Amino acid sequence: MNTKNSPFTNNTFQTIWKNHFIPNSNIQAFKFIKGIVFYKHNWLPNYFNIGKNLTKGNSYSLNNTSDFKNKTLIIYDVLPHLMDENTVPKNVGVLKSLQYTGFLINIEQFNNIEGYLLKTFSKNTRMKMRKFTNRLERCFNLSYKMFLGEIDKTEYNQLFDDFMKLLKKRYSDKQITYNNMLPNEWNFYKEVAYPLILEKKASLFVIYDNYKPIAITYNYHTEDSVIDAITVFDIDYSKFNLGYVNNLKLLDWCFENNIKTLDFSKGYFDYKKRMCTKEYDFEYHIIYDKTSLISSFNAHLHHKFFEFKAYLRNIGINSRFHKLTYVFKNGKNSKSEKKIQINKLEELPSLDELMLIDIQNDSNYNFIKKDINDFLYLVIKPQNEIEIYKFKNQNNVYILSCNSTFQQIKIEST
C-alpha cells in the first residue's frame, strides 16, 4: 500500500480519529520513520500510530536519523508484504508480533469475473453461486449501488442507520459482541465515512430489495485497491447465500473499474478463505531505542503482551470473550427463541377461514420474513406473486401460497 494513497494517512481520517479517541493529544511525526504519525501516551515514553487498530493496514520506512532516542513506537496492523526492504538504523530495535491473517483477491491475475470463478472454484461450486444469484434476482426486485465520490447527506445518514439495524440483527442472531458496533467506534465510522466518500477514499456498496438495503459494505479505497472494512447482510435472505452474492457483485464492480486488489482484510471468515487468492499477515511492530533501558523494557513488555493476546485468540478465548460480553450486556435469554413448524399442504384451506396480509407494507409481520424468503427460494417466483394468509382465529399460523404450492408455518414461543 503506497502511503501517499492510503486512506489511513489521509488528513481527514487522522483528524477525525484524533478528535474521537485522543482529543487532548497532539499528532507527532519523526524524521527517522516515514509513512506513520503518532501520538504519545499520557505518562509513558510510548508512542502509538494514529488510527491504532482501526486502520486496515500500515507500512513505513526507516532512515538513519537520531530522533528515536529514548522512545518506544508501537505500530498496529503492519503489512509486511507491502513493506520495502528496510535497513534498521544502528541502536534501533524492531520487535514484531504476528496477530492476524488477512485475505485478498489479486484481480490482476484474471481478465474478468468468469476467469476468476473458473480458476478459484470447482464446477459444482460455480453452479451453486450462479444459482444463488439467479434465484435472488428472480425472487426480488434487486438493485446495486456504489456510493463513491458523492452521496446525499440525508441518504447517507439513513444508510448508516440501516447499517446499524442490520448489524444488530446479525450479531443478535450470533449472540456475540462486535467491536465496530460499540458507540465510540461506530460514531467514528459514521463521521469519517461521509467526507472520505466525497474524497473517493471510502465507499458504501449497497444491495437493495426495492428501496430497502439488504446488504451493505463499507470500503476504504486506495488508487488501485478496495479494502472491505465492514460488511453485513440481512439474515432473512441467508437461504440465498446473500453474503457470497454481495461479494461477487462487489468483485464485479472492481473488474469494471480496473481495480487491482479486493482486500477482505483481517479476521477469519469462511468466505474470505474460499474466495481469496492470497493470504497475508498483519503484524504489530514495536520500534525502540536499544541504548535506553526504559525504552527496551517497554518494548519487550508490549511484545510479550501482544504475543499473549495472539495466543489467547488462537485457542479461541477471544470468541468466548465476545460471547460472554454479549450475555453480560444483553442477558442470557436475549435471543427470542421460537419453535417453528413448517408443513407442506396439498391444498389451500378455505378462504373463509383466512385473512390476506401484506407483509411488504406491514412491519408487524417481519418475524416471518425469513420463512417467507425461504419459501420464495423453494418456488423461485417473484415475491409479489405469492399470497400470505393467516387464520382469522389463530394468530400463530400462516399459509403461504404460490402456483398450487402451499406451505403452513406455525410459530410457538419456547
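**Note on the predicted model: loops, patches and strand pairing**

1. Lysine 239 sits in the loop that links β10 (225-233) to α6 (242-256). The model discussed here is a predicted one. Lysine 239 has a relative accessibility of 41%, so it counts as partly exposed, since exposed requires over 50% and buried under 20%. Together with Lys128, Lys131 and Arg274, Lys239 forms a positive surface patch.

2. Overall content. The protein has 10 helices and 17 strands. Its C-alpha trace spans about 90 × 50 × 40 Å along the principal axes. Of the 414 residues in the protein, 50% are buried.

3. Nonpolar surface. Which residues make the nonpolar surface patch? They are Phe308, Tyr311, Ile315 and Ile317, and the patch covers about 380 Å². Tyrosine 311 belongs to helix α8, which runs over residues 293-314. The relative accessibility of tyrosine 311 is 48%, and therefore it counts as partly exposed.

4. Strand β3. This strand comprises residues 46-49. Asn46 and Phe48 point one way from it, whereas Tyr47 and Asn49 point the other way. In a regular strand the side chains alternate between the two faces of the sheet. Are the residues Asn46, Tyr47, Phe48 and Asn49 buried or exposed? All are buried.

5. Partners of β3. On one hand there is strand β2 (residues 38-40), which pairs with β3 in the antiparallel sense over 3 bridges. Tyrosine 39 has phenylalanine 48 of β3 as its bridge partner. β2 and β3 form a hairpin, with 5 residues between the two strands. β3 is also joined to strand β5 (residues 72-78) by 3 bridges, and here the strands run parallel. For asparagine 46, the bridge partner in β5 is threonine 72.

6. From β5 to β12. Threonine 72 appears again in the pairing of β5 with β12: its bridge partner in β12 is tyrosine 288. How many bridges pair β5 and β12? There are 5, and the pairing is antiparallel. Threonine 72 is thus listed with asparagine 46 as a bridge pair between β3 and β5, and with tyrosine 288 as a pair involving β12.

7. Strand β12. Why is strand β12 described as largely enclosed by the rest of the structure? The strand covers residues 278-289, and 9 of its 12 residues are buried, so the description follows from that count. Besides β5, β12 pairs with strand β6 (residues 92-106): 12 bridges join β6 to β12, and the two run antiparallel. Within this pairing, the bridge partner of lysine 96 in β12 is histidine 285.

8. Positive phi ahead of β5. Asparagine 70 has a phi near 65 degrees, a positive value in a residue other than glycine. Asparagine 70 is found in the loop between β4 (61-62) and β5. β5 is the strand that runs parallel to β3 and antiparallel to β12.

9. Positive phi after α5. Lysine 200 likewise has a positive phi in a residue other than glycine, with a value near 60 degrees. Where is lysine 200 placed? It is in the loop between α5 (183-198) and β8 (202-209). Lysine 200 is exposed because its relative accessible area is 53%, and the cut-off for exposed is over 50%.

Definitions and conventions
Residues are numbered from 1 along each chain as its sequence is written. This is a predicted model: local features need pLDDT of at least 70, side-chain atom pairs count only at pLDDT 80 or more; totals for chains, interfaces and linings use all residues. Side-chain values use heavy atoms; hydrogens and water are left out. Buried means under 20% relative accessible area, exposed over 50%, partly exposed in between (1.4 Å probe, protein chains only). Helices (H or I, at least four residues) and strands (E, at least two) are DSSP runs, numbered from the N terminus. Two strands pair if DSSP finds at least two bridges between them. Patches are made of residues with over 30% relative accessible area and no salt bridge: like charges are joined within 9 Å, nonpolar side chains (Val, Leu, Ile, Met, Phe, Trp, Tyr) within 5 Å. Accessible areas come from the Shrake-Rupley method with a 1.4 Å probe; for residues, only the protein chains shown count as cover. A salt bridge is a side-chain nitrogen of Lys or Arg within 4 Å of a carboxyl oxygen of Asp or Glu. Lys and Arg count as positive and Asp and Glu as negative; His and the chain ends are not counted. The place of a charge is taken as NZ of Lys, CZ of Arg, CG of Asp or CD of Glu.
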